[in-house]
Amino acid sequence: MKVFKNAAVLLLSSMLSVSAFSPSRTAAPTVSKGRAAFINEPSLKTPSTTALNMGMFDRNDEEVFGQEKIISCLPYILPLMDGDKFGRYIYMRFPPLHVLEQIFLGPLVRIDQAVPFFGFGLFLVLALGGRNPELSRSIRFNVQQAILIDIALIFPELIGSAMSKSTPMYLVEPCTNFVFYAYAAACGYSIFSNLTGKTPKGIPIISEAAERAVGPF
């Protein structure tokens, strides 16, 4: 079941996020009789209008306002839930951290284990609902970024399942811990940035892909 879920997520993500890695298209100017025929022509834009538009997009693009600070954090439940298993060795060595994990993530992890395809259903909700143009750009960006973090977790999971059981523990444990540190840092950074009103665009590769998937608006 886990293999089927991973394969389905990879297939769906390749279908939905193909635009994230494709080059952006530049629309050619068209001739019209109206006043706004060449309104998007760079040569006809005045400096004041360009500065105004840049200021508007910079403000909306970078800042997170009001209740969006909380809503933008919710998509990261998916990667936090799916990547929780990579912290098993850290939880063994730091019991207080395991207690916190049981309080905040334990219920969701147990639901995921008890309900078939719960994680895949949550992935579908984010992948399809996150493209709703009625949502603000900051929310759509965080949805795409959370999905990409979750997809990135599939690859170490596949590598781990392909490894032999006789693999030395001095190799398994540090590699597993590294994955946990990486995904936990990405999710923690994103949640902290949203709560402080800043769009989390500092994750290498993933943030750029999420930016392209969302588009300019």
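## Aromatic residues of helix α11

In this predicted model, Y181 has a relative accessibility of 49%, and because exposed residues are those over 50%, Y181 counts as partly exposed. Its partner F180, by contrast, has a relative accessibility of 10% and therefore counts as buried. F180 and Y181 form an edge-to-face aromatic pair, with 6.2 Å from centre to centre and 65° between the planes.

F180 also pairs with Y183, again edge-to-face, at 5.7 Å centre to centre and with 75° between the planes. Both F180 and Y183 belong to helix α11, where they are three residues apart, or about one turn of the helix, and both of them are buried. The count of aromatic pairs comes to three, and ring pairs join Y91, F180, Y181 and Y183 into a cluster.

## S193 in the same helix

Helix α11, which covers residues 169-195, also holds S193. The relative accessibility of S193 is 7%, so this serine counts as buried. When residues up to four places away in sequence are left aside, S193 touches K198 and P200.

## Helix α9 against helix α12

Helix α9 (residues 137-152) and helix α12 (residues 206-214) have axes that come within 9 Å and cross at roughly 130°. An angle of this kind falls outside the ranges for roughly parallel, roughly perpendicular and roughly antiparallel, and the two helices are therefore oblique to each other. Their crossing is right-handed.

On the side of α9, the contact is made by R137, R140, F141, Q144, Q145, L148 and I149, and on the side of α12 by I206, S207, A209, A210, E211, A213 and V214. By residue class, this contact of α9 with α12 consists of eight nonpolar, three polar and three charged residues.

## Helix α8 against helix α9

Helix α9 also meets helix α8 (residues 118-129), and the axes of α8 and α9 come within 9 Å and cross at roughly 140°. That angle makes α8 oblique to α9, since only angles over 145 degrees count as roughly antiparallel. The crossing in which α8 passes α9 is left-handed, whereas that of α9 and α12 is right-handed.

In this contact, F123, L126 and A127 of α8 meet V143, I147, D150 and I151 of α9. The residues divide into six nonpolar and one charged, with no polar residue among them.

How values were computed: Residues numbered from 1 in each chain as written. Predicted model: local features only at pLDDT ≥ 70, side-chain atom pairs only at ≥ 80, totals over all residues. Heavy atoms only, no water. Axes fitted to C-alpha atoms, helices over the stretch in contact; angles between N-to-C directions. Helix = DSSP H or I, 4+ residues; strand = E, 2+ residues; numbered from the N terminus. Parallel < 35°, antiparallel > 145°, perpendicular 65-115°, else oblique. Left-handed = near helix turned anticlockwise from the far one by under 90°. Contact = heavy atoms within 4.5 Å. Nonpolar A, V, L, I, M, F, W, Y, C, P; charged D, E, K, R; others polar. Buried < 20%, exposed > 50% of the residue type's maximum accessible area, 1.4 Å probe, protein only. Phe/Tyr/Trp six-rings, centres within 6.5 Å; stacked < 30°, edge-to-face > 60°.
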